[in-house]
Amino acid sequence: MRMKKLLTAGAAALLATVGTLVVASPAEAVDCDHVWYTDESDSIGSVDQGGRLCFAEHGDYVFLADYDADGYSVVLAAFMDGTGQLLYTLKASGAGDVQTANAGDGIAYHNLPEVNIRFRMYLTKSGSGQVGDVTHVVNNDS
Ligand SMILES: [Ca+2]
Ligand SMILES: [Ca+2]
Ligand SMILES: [Ca+2]
């Protein structure tokens with residue numbers, strides 16, 4: 001009985017370590033000016049905030065991460081806040097997946113204008129509507 005209890009504690013410690021490794025993704029090589037999470041107050045999956053967005057204004061660095069193996073992908077849409085023009089989208093699918101964009105990667109509109117940018121992030125999976133929706137506007141002035 002005692003042995004079984006010890007093994008269970010060991011397994012929990014191992015899981016905690018794996019979780020930490022996923023969060024500390026090496027892909028995120030900048031300091032985030034802004035960090036946002038999807039809104040999962042309705043308890044989708046096993047992690048309350050399975051979608052995470054990091055934005056660094058200087059260089060327009062974006063890191064979009066999916067932290068929950070819940071069947072949902074995390075989608076980001078970046079808009080001009082003034083005109084509503086869609087600039088680009090990113091989609092992270094599967095726990096630990098991180099999708100990135102920055103001003104120097106050569107992809108259209110990843111070099112964001114230095115004006116108010118609206119970031120919309122939500123969760124989606126096939127056969128389901130969009131959930132966990134959050135929107136934030138940033139004055140991208142650096
Ligand atoms: Ca910028
Ligand atoms: Ca997910
Ligand atoms: Ca820019």
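Analyst: A strand, as the word is used here, is a DSSP run of E with at least two residues, and strands are numbered from the N terminus. In this predicted model, Phe79 is found in strand S4, a strand that spans residues 73-80.

User: What makes up the protein chain, in helices and strands?

Analyst: The protein chain has one helix and eight strands, and, read from the N terminus, its elements follow the order α-β-β-β-β-β-β-β-β.

User: Why is Phe79 called partly exposed?

Analyst: Phe79 has 19 other C-beta atoms within 10 Å. A residue is buried with 20 or more such atoms and exposed with 12 or fewer, so Phe79, with its 19, falls in between and is called partly exposed.

User: Which residues does Phe79 touch, once those up to four places away in sequence are left out?

Analyst: They are Gly84, Gln85, Leu86, Leu87, Arg118 and Arg120. In strand S7, Arg118 is also the residue that stands opposite Phe79. The C-alpha atoms of Phe79 and Ile117 are separated by 5.8 Å, although these two residues are 38 residues apart along the chain.

User: How do you know that S4 and S7 pair?

Analyst: Two strands pair if DSSP finds at least two bridges between them. Eight bridges join S4 to S7, therefore the condition is met, and the two strands run antiparallel.

User: What sheet includes S4 and S7, and what makes S5 and S8 its edges?

Analyst: It is an open sheet of four strands in the order S5-S4-S7-S8, with antiparallel pairing. Strand S5 (86-92) and strand S8 (131-139) each have a single partner strand, so one side of each is left without a neighbour in the sheet, and they stand at the edges. From one strand to the next, the twist averages 15°.

User: Which strands form the open sheet that contains S2, and which are its edge strands?

Analyst: The order is S1-S2-S3-S6, four strands with antiparallel pairing. Strand S1 (34-37) and strand S6 (98-101) are the edge strands, each pairing on one side only. Here the twist averages 15° from one strand to the next.

User: How many bridges join S1 to S2, S2 to S3, and S3 to S6?

Analyst: Four bridges join S1 to S2, and one of the pairs across these strands is Trp36 with Leu53. Six bridges join S2 to S3, where Phe55 has Val62 as its bridge partner. Between S3 and S6 there are four bridges, and Val62 is partnered by Ala101 in S6. Set against the at least two bridges that pairing requires, each count is sufficient, so each of these couples is a pair.

User: Why is S2 called mostly covered?

Analyst: Five of the six residues of S2 are buried, and buried stands for 20 or more other C-beta atoms within 10 Å. For the protein chain, buried residues make up 23% of the 142 residues.

User: Which residues of the largest nonpolar core touch the most other members?

Analyst: Among the 22 residues of that core, they are Leu53, Val62, Leu64, Leu76, Phe119 and Met121. Strand S2 (51-56), strand S3 (61-66), strand S4 (73-80) and strand S7 (116-124) each supply at least two residues of this core. Leu53 itself touches Trp36, Val62, Leu64, Leu76, Phe119 and Met121, with residues up to four places away in sequence not counted.

Methods. Residues are numbered from 1 along each chain as its sequence is written. Chains are lettered from A and ligands numbered from 1 in the order in which they are written. This is a predicted model: local features need pLDDT of at least 70, side-chain atom pairs count only at pLDDT 80 or more; totals for chains, interfaces and linings use all residues. A nonpolar core is a set of buried Ala, Val, Leu, Ile, Met, Phe, Trp, Tyr and Cys residues joined through C-beta atoms within 7 Å. Two residues are in contact if their C-beta atoms, placed from the backbone, lie within 7 Å. Axes are lines fitted to C-alpha atoms, for helices over the stretch in contact, and angles run from 0 to 180 degrees between N-to-C directions.
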